[in-house]
Amino acid sequence: LGCHPRSSQLMRRARSGIDLSGVEEKFHRPALFPPTFLYSISWEDPRADDPAFMVGEGDVVLTLTGGGCNAMDMTLSGAARVVCVDMNPAQGYLLELKLAALRNLSFDDAWKLLGEGKHENIEKLYLCKLAPFMSQGAKRFWGSRLHMLDGKNKSIGTGLYLMGSMGWLVYFSLLLQWWIWPARYFVRKLVSAPTLEDQRKLYNQLTPNPNSILGIFHQLMWWVLRYVLLNHYMLWLLNGVPKAQSDLIKKHDGRSIIEYAQTTFNGAALNTHIRTQNYFYLLCMIGKFTKECCPRFLKPAEFEKLKADENRMLDSIEVVTGKFKDALLAGVYTRVILMDHMDWMDASYHHDLASTLRDHVSPGGRVIWRSSSIEPPYSKVMEQYGFEVRRVSYHDKPDACIDAVNMYASFWVGVRK
């Protein structure tokens, strides 16, 4: 694990005519964010994005950072530059850790850290191969949290994917399995189901006779979900869902939060194979990925491709802490990912952002977004500002599945005219 000095080649950036130097200078971290990241992985399925987003050679992409995983997907698809911006600096620190690991670790070491979430030699790896390639903020953040990544620590509450707000949900899932034998038995059967059909049969057993012991347990779990995990405060603290977004579900669409959650889980469980396809829910149930089911950048061939030519692909990814609009104003992009952040904002912001997108997305460029609403009002606003808008998929039935996550009610694409 010999240490080596920083290489200037590792820090190069393909500028593509975009100057982001002033974005961070005028940014002040808002008080509403917790002192950690909300999402440990990207909660948007890149396999569903590809047909609508169509990233290709030479594209310049702007995206919210989130968990950072999908930035690697876009570079693997040929993007010349991927700008990842987030108001929460901890999301950037998380992406810095992932990038440093991909650049400087062997596949086996990177898999332990990013696949399983722990490494038995994390302190030496961090000092020699990770920290030298991070910003000062990221060093301070991870330097104080190395115990969470220590593979020698066998505690149920440690690991990369048990950190952050999302980590509390994973921790709760693991604790539930630890404490309640039927839950542990069911999860183990579900994540090891040989086929999707086998998985469907298991999942359908979750609606047993309400007077049986299993039926009482089933009702208890939905009660916990409804009143403990899906109230306004927990939606924000654990799921990163602000009140404005939950209001879109309840007031704009007239859906209950519990019905929304049932559609989310039913659609994913009945239409995607968790053991081989759905690494999102696999992670939530076992606290780590498997080599059979993980993000694309953790597959051996893609891992080596990212590292080829002295990390050329990885060097196309830039991490910025700041406001999305400021990064948008810094240049012209061919592809933009809004994720679901328009759900969080008011009508004046929708018009302001749509106008800015019109001026900073090149003709023929594509913008994609997801929403907790089946028909978010701002999609019409995007049409008013020069975009041809299409709803790609949405929750149109109780077991609808728009992607492996299925946590949003609709998925949209807008093409700049």
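These questions and answers set terms used for this predicted model against the values behind them.

Q: Why is H8 called roughly antiparallel to H9?
A: The axes of helix H8 (residues 181-191) and helix H9 (residues 196-204) cross at roughly 160°. Angles over 145 degrees count as roughly antiparallel. Therefore H8 is roughly antiparallel to H9. The two axes come within 9 Å, and H8 passes H9 in a left-handed crossing.

Q: Which residues make the contact of H8 with H9?
A: H8 supplies Phe186, Lys189 and Leu190. H9 supplies Gln199, Leu202 and Tyr203. Contact here means heavy atoms within 4.5 Å.

Q: How do the residues of this contact divide into nonpolar, polar and charged?
A: The split is 4 nonpolar, 1 polar and 1 charged. Phe, Leu and Tyr count as nonpolar and Lys as charged, while Gln falls to the polar group, so the names fit the split.

Q: Why is Gln91 called buried?
A: Its relative accessible area is 2%. Buried means under 20%, so Gln91 qualifies. Gln91 sits in helix H3 (residues 89-104).

Q: What is Gln91 in contact with, leaving aside its neighbours within four places in sequence?
A: The contacts are Phe37, Leu38, Tyr39, Thr65, Gly66, Gly67 and Asp86.

Q: How much of the protein counts as buried?
A: Of its 417 residues, 57% do. The cut-off is again under 20% relative accessible area.

Q: What makes E3 and E6 edge strands?
A: Strand E3 (317-321) and strand E6 (387-394) each pair on one side only. The open sheet has 7 strands in the order E3-E2-E1-E4-E5-E7-E6, with mixed pairing. On average, its neighbouring strands are turned by 15° against each other, direction ignored.

Q: How do you know that E5 and E7 pair?
A: Strand E5 (residues 361-371) and strand E7 (residues 410-416) share 6 bridges, in the antiparallel sense. Pairing needs at least two bridges, so the two strands pass. One example is Arg366, whose bridge partner in E7 is Val415.

Q: Which strands does helix H1 touch as it packs on the sheet?
A: Helix H1 (residues 46-53) touches strand E1 (60-64), strand E4 (333-339), E5, E6 and E7. The direction of H1 makes about 145° with that of E5.

Q: Where does helix H2 lie?
A: Helix H2 (residues 69-76) lies across E1, strand E2 (81-86), E3 and E4. H2 runs at about 165° to E2. Over 145 degrees counts as roughly antiparallel, so that label fits H2 and E2.

Technical notes. Residues numbered from 1 in each chain as written. Predicted model: local features only at pLDDT ≥ 70, side-chain atom pairs only at ≥ 80, totals over all residues. Heavy atoms only, no water. Axes fitted to C-alpha atoms, helices over the stretch in contact; angles between N-to-C directions. Helix = DSSP H or I, 4+ residues; strand = E, 2+ residues; numbered from the N terminus. Parallel < 35°, antiparallel > 145°, perpendicular 65-115°, else oblique. Left-handed = near helix turned anticlockwise from the far one by under 90°. Buried < 20%, exposed > 50% of the residue type's maximum accessible area, 1.4 Å probe, protein only.
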